[in-house]
Amino acid sequence: MSKPGRTILASKVAETFNTEIINNVEEYKKTHNGQGPLLVGFLANNDPAAKMYATWTQKTSESMGFRYDLRVIEDKDFLEEAIIQANGDDSVNGIMVYFPVFGNAQDQYLQQVVCKEKDVEGLNHVYYQNLYHNVRYLDKENRLKSILPCTPLAIVKILEFLKIYNNLLPEGNRLYGKKCIVINRSEIVGRPLAALLANDGATVYSVDVNNIQKFTRGESLKLNKHHVEDLGEYSEDLLKKCSLDSDVVITGVPSENYKFPTEYIKEGAVCINFACTKNFSDDVKEKASLYVPMTGKVTIAMLLRNMLRLVRNVELSKEK
Ligand SMILES: NC(=O)C1=CN([C@@H]2O[C@H](COP(=O)(O)OP(=O)(O)OC[C@H]3O[C@@H](n4cnc5c(N)ncnc54)[C@H](O)[C@@H]3O)[C@@H](O)[C@H]2O)C=CC1
Ligand SMILES: Nc1nc(=O)c2c([nH]1)NC[C@@H]1CN(c3ccc(C(=O)N[C@@H](CCC(=O)O)C(=O)O)cc3)C=[N+]21
């Protein structure tokens, strides 16, 4: 008998955004001498994953009508100056820095050097604070939309595509009744993702190497933003219990030989992996109803969508 589950590719999800992005770039070009918005990428390391991602952002953005300029910085010490220069350059619309650079807390500092008006990845403190506080606009008049970090946002868009979000429910509560588990709690992806899902009404188990936490909006969603509860230290038993309770399993463990145990997956759950390596075993579809093996293509679509949103925010602020 054939397996009941299906694999859904990120390219399929990205398609639904790409037409809109291309049309918006075409509109932009009409009023900008036929030129698309300019994205600048800073590469100051020899990390093969970062290099690959840089080549790939260039290819995708150019194919959609954007201009892309990769600035390779040989000496990391000059990176900060280069970012500051790009912040002040009116011809630059968006900036991204490929991480890791120093591979320590200095990288978080560099993230904040990119000015928020050009921060296509949505890593500025202001955007994080809005996300964690469930604030969706930058101004009191609700004209300027806040930017969301692109990988967590990509996963939200995938869950919408998979119809885990129920659009019969009011916006902001569309994950009510859904339970999700996220294996990764980095500041770039896992923690903001758990907060986003909980803010939309889900119960989220957030797992890292040390412990397991639960993010929710409280009983009957009475809180207007998520709150976090410690469930205990990391253990296989606790992980299995939380996972078997989850309708959605999301993994992002950056290690070649890590495999999420298939027997921890609830029958018919949705499984999504955003790590560069395959975090699920080949038999995942014996349990999963829908399986998304990689998410990178949707992340890039969200990056470019964020870029257009930044351009629009700059134009709206000028009109004021
Ligand atoms: N698809 C995409 O668009 C993107 C993918 N990535 C990929 O996602 C992966 C993760 O990236 P980061 O979050 O930046 O990495 P990170 O190293 O900062 O964080 C890894 C997280 O996983 C947890 N973890 C590691 N081993 C674990 C285990 N055995 N059990 C439970 N938790 C465990 C850690 O505690 C930590 O919270 C990488 O492979 C990266 O390349 C990153 C950004 C975008
Ligand atoms: N500021 C910053 N933001 C990042 O998002 C970032 C970064 N720095 N540094 C490097 C890592 C690595 N990374 C990848 C994301 C997806 C795939 C991936 O799996 N891509 C394809 C598969 C490969 C392909 O089609 O060529 C996919 O998902 O379909 C790989 C690598 C993002 N990174």
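Start at ligand 2 and pick out V97: one of its polar backbone atoms sits 2.7 Å from a nitrogen atom of the ligand. Keep in mind as you click around that this is a predicted model.

**Stop 1: around ligand 2**

Stay on ligand 2 and add E121 to your selection. A polar atom of the E121 side chain is 2.6 Å from a nitrogen atom of the ligand. Now show G296, where the partner is an oxygen atom of ligand 2, 2.8 Å from a polar backbone atom of the residue. How much of the ligand does the protein cover? On its own, ligand 2 has 660 Å² of accessible area, and the protein covers 76% of that.

Next, color by secondary structure. Two elements give two or more residues to the shell around ligand 2: α2 (48-63) and α9 (296-319). Of these, α2 supplies the largest share, with four residues.

Now bring up the whole shell, 13 residues, among which W56, V97, F99, E121 and G296 come nearest. Sorted by class, you get nine nonpolar residues, two polar ones and two charged ones.

Before moving on, color the domains: domain 1 is 33-115 and domain 2 is 149-295. Why does ligand 2 lie between them? Both domains give residues to the shell around ligand 2, so that is where the ligand ends up.

**Stop 2: around ligand 1**

Jump over to ligand 1 and select what surrounds it. You should have 17 residues, with N184, R185, S186, C276 and T299 the closest. By class, this shell splits into eight nonpolar, seven polar and two charged residues.

For the polar contacts, try T151 to begin with: a polar atom of its side chain is 3.5 Å from an oxygen atom of ligand 1. Then go to F274, which has a backbone N or O atom 3.1 Å from a nitrogen atom of ligand 1. Finish with C276, where a polar backbone atom is 3.1 Å from an oxygen atom of the ligand. As for cover, the protein takes up 71% of the 870 Å² of accessible area that ligand 1 has on its own.

**Stop 3: the nonpolar core**

Hide the ligands and select I21, L159, L162, L197 and I250. Of the 63 residues in the largest nonpolar core, these touch the most other members. Which element gives this core its largest share? Select α9, which provides nine residues. Leave your domain colors on here, since both appear again: domain 1 (33-115) and domain 2 (149-295) each contribute at least three residues to this core.

Technical notes
Residues are numbered from 1 along each chain as its sequence is written. Chains are lettered from A and ligands numbered from 1 in the order in which they are written. This is a predicted model: local features need pLDDT of at least 70, side-chain atom pairs count only at pLDDT 80 or more; totals for chains, interfaces and linings use all residues. Side-chain values use heavy atoms; hydrogens and water are left out. A residue is near a molecule or strand if one of its heavy atoms lies within 4 Å of it. A polar contact is a pair of N or O atoms within 3.5 Å; within protein, one must be able to donate a hydrogen and the other to accept it, and residues adjacent in sequence count only if both atoms are side-chain atoms. Accessible areas come from the Shrake-Rupley method with a 1.4 Å probe; for residues, only the protein chains shown count as cover. Ala, Val, Leu, Ile, Met, Phe, Trp, Tyr, Cys and Pro count as nonpolar, Asp, Glu, Lys and Arg as charged, and the others, Gly among them, as polar. Domain bounds come from an automatic or database domain assignment. A nonpolar core is a set of buried Ala, Val, Leu, Ile, Met, Phe, Trp, Tyr and Cys residues joined through side-chain atoms within 4.5 Å. Buried means under 20% relative accessible area, exposed over 50%, partly exposed in between (1.4 Å probe, protein chains only).
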